[in-house]
Amino acid sequence: MDIMNWLGALPGAGAQGIVWGLMAIGVFVTYKILDIADLTVDGSMVTGAAVCAVLITAGVNVWLALLAALIAGMLAGLLTGVFHTALGIPPILAGILTQLMLWSVNLKIMGRANVALPSRQFDLILNNKEVWTTILILAGFSAALIALLYWFFGTELGASLRATGNNLNMSRAQGINTNFAKVLGLMISNGIVALSGALLAQYQGFSDINMGRGAIVIGLAAVIIGEALISHRSAGFIVRLLSVIIGGIIYFAVYQTVIFLGLDADLLKMLSALVVAIFLGFPYVKKTYFKKSAGKGGKTHA
């Protein structure tokens with residue numbers, strides 16, 4: 001491995017890691033707060049990218065395009081929430097249904113499989129030719145999003161979402177409208193995911209119908225790696241959100257390293273899934289096997 005080339009590629013991997021870390025915060029909202037595995041994100045990320053790219057190429061201000069992408073993602077989350085709460089469809093299946101629908105919607109939005117968004121032609125917020133500037137801008141986005149979520153989940157409405165995820169039956173007994181909380185949480189989550197998709201489209205210079213494939217795996221990897229870095233029982237909410245961003249950066253740094261080591265690119269998705277499986281299974285393995293082994297070791301005698 002050429003060390004200098006590897007080091008030169010790390011800033012780009014860091015920028016991608018922050019973008020995907022923002023997406024992973026959306027996954028964090030449903031997976032860790034609402035206790036829902038939402039597969040909508042594979043489609044809503046593309047929706048955000050498609051809306052942003054199409055509007056910018058049509059001459060719309062880039063900030064308005066980002067706002068439109070956020071709203072489009074929230075509508076996707078609303079659809080999943082309605083499928084789940086109004087029709088009684090399990091959340092994982094509701095997410096799959098919305099994801100399938102978004103495939104057609106995204107194609108209609110773009111009019112083709114991809115839309116080019118060259119930085120030399122349009123005034124974009126992010127630019128992969130100015131990586132360090134991009135990293136600073138993304139750091140600002142991350143700080144603003146974390147601060148906003150910290151404020152929101154400290155409000156009465158935000159507390160109702162956290163209570164719904166912690167104990168559904170108890171929340172209902174306390175008079176919380178848990179269906180509304182679930183729908184709102186899914187809307188917030190997919191709005192964040194779509195926003196990250198819009199930022200990713202600007203950074204890489206195009207939106208593509210396949211760019212969200214495997215997004216849920218990357219999002220879970222960032223969340224799980226981030227939580228492996230901290231003791232989540234004692235860490236504050238801001239630290240947990242920040243750890244998700246760091247998890248995304250670590251994921252893409254490892255990803256870049258694997259590429260430089262010459263691993264077959266066709267195996268990268270499998271590697272991602274294995275990383276998630278290992279981190280998800282580690283607490284269970286530790287609890288089930290290692291504690292039993294310690295228990296069988298016998299007692300110490302004075």
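**Aromatic cluster**

Phe152 counts as buried, its relative accessibility being 14%, because buried means under 20% relative accessible area. The neighbouring entry in the sequence, Phe153, is likewise buried, at 3% relative accessibility. These values come from a predicted model.

The structure holds six aromatic pairs. One of them joins Phe152 and Phe153 in an edge-to-face arrangement, with 5.1 Å from centre to centre and 80° between the planes. Ring pairs also link Phe152 and Phe153 with Phe28 and Phe237 into a cluster.

**Helix α10**

Phe237, a member of that ring cluster, is also one of the buried residues of α10. Others buried in this helix include Arg240, Leu241, Ser243, Val244 and Ile245, together with Gly247, Gly248, Tyr251 and Phe252. Gln256 and Val258 are buried in α10 as well.

Helix α10 covers residues 237–260, which makes 24 residues. At 1.5 Å a residue the expected span is 34 Å, and the end C-alpha atoms lie 35 Å apart, so the two values agree. After α10 comes Gly262, which has a positive phi near 90°.

**Nonpolar surface patch**

Val60, Leu64, Leu67, Ile71, Leu75, Leu78 and Val82 make a nonpolar surface patch of about 560 Å². Val82 is located in helix α3, which comprises residues 62–85. In an α-helix there are 3.6 residues a turn, so residues three or four places apart point the same way.

Val82 has a relative accessible area of 36% and is therefore partly exposed. Patches are made of residues with over 30% relative accessible area, a cut-off that the 36% of Val82 satisfies.

Methods
Residues are numbered from 1 along each chain as its sequence is written. This is a predicted model: local features need pLDDT of at least 70, side-chain atom pairs count only at pLDDT 80 or more; totals for chains, interfaces and linings use all residues. Side-chain values use heavy atoms; hydrogens and water are left out. Patches are made of residues with over 30% relative accessible area and no salt bridge: like charges are joined within 9 Å, nonpolar side chains (Val, Leu, Ile, Met, Phe, Trp, Tyr) within 5 Å. Accessible areas come from the Shrake-Rupley method with a 1.4 Å probe; for residues, only the protein chains shown count as cover. A salt bridge is a side-chain nitrogen of Lys or Arg within 4 Å of a carboxyl oxygen of Asp or Glu. Helices (H or I, at least four residues) and strands (E, at least two) are DSSP runs, numbered from the N terminus. Buried means under 20% relative accessible area, exposed over 50%, partly exposed in between (1.4 Å probe, protein chains only). The expected span of a helix is 1.5 Å times one less than its number of residues. Rings of Phe, Tyr and Trp (its six-membered ring) pair if their centres lie within 6.5 Å; planes under 30 degrees apart count as stacked, over 60 as edge-to-face and the rest as tilted.
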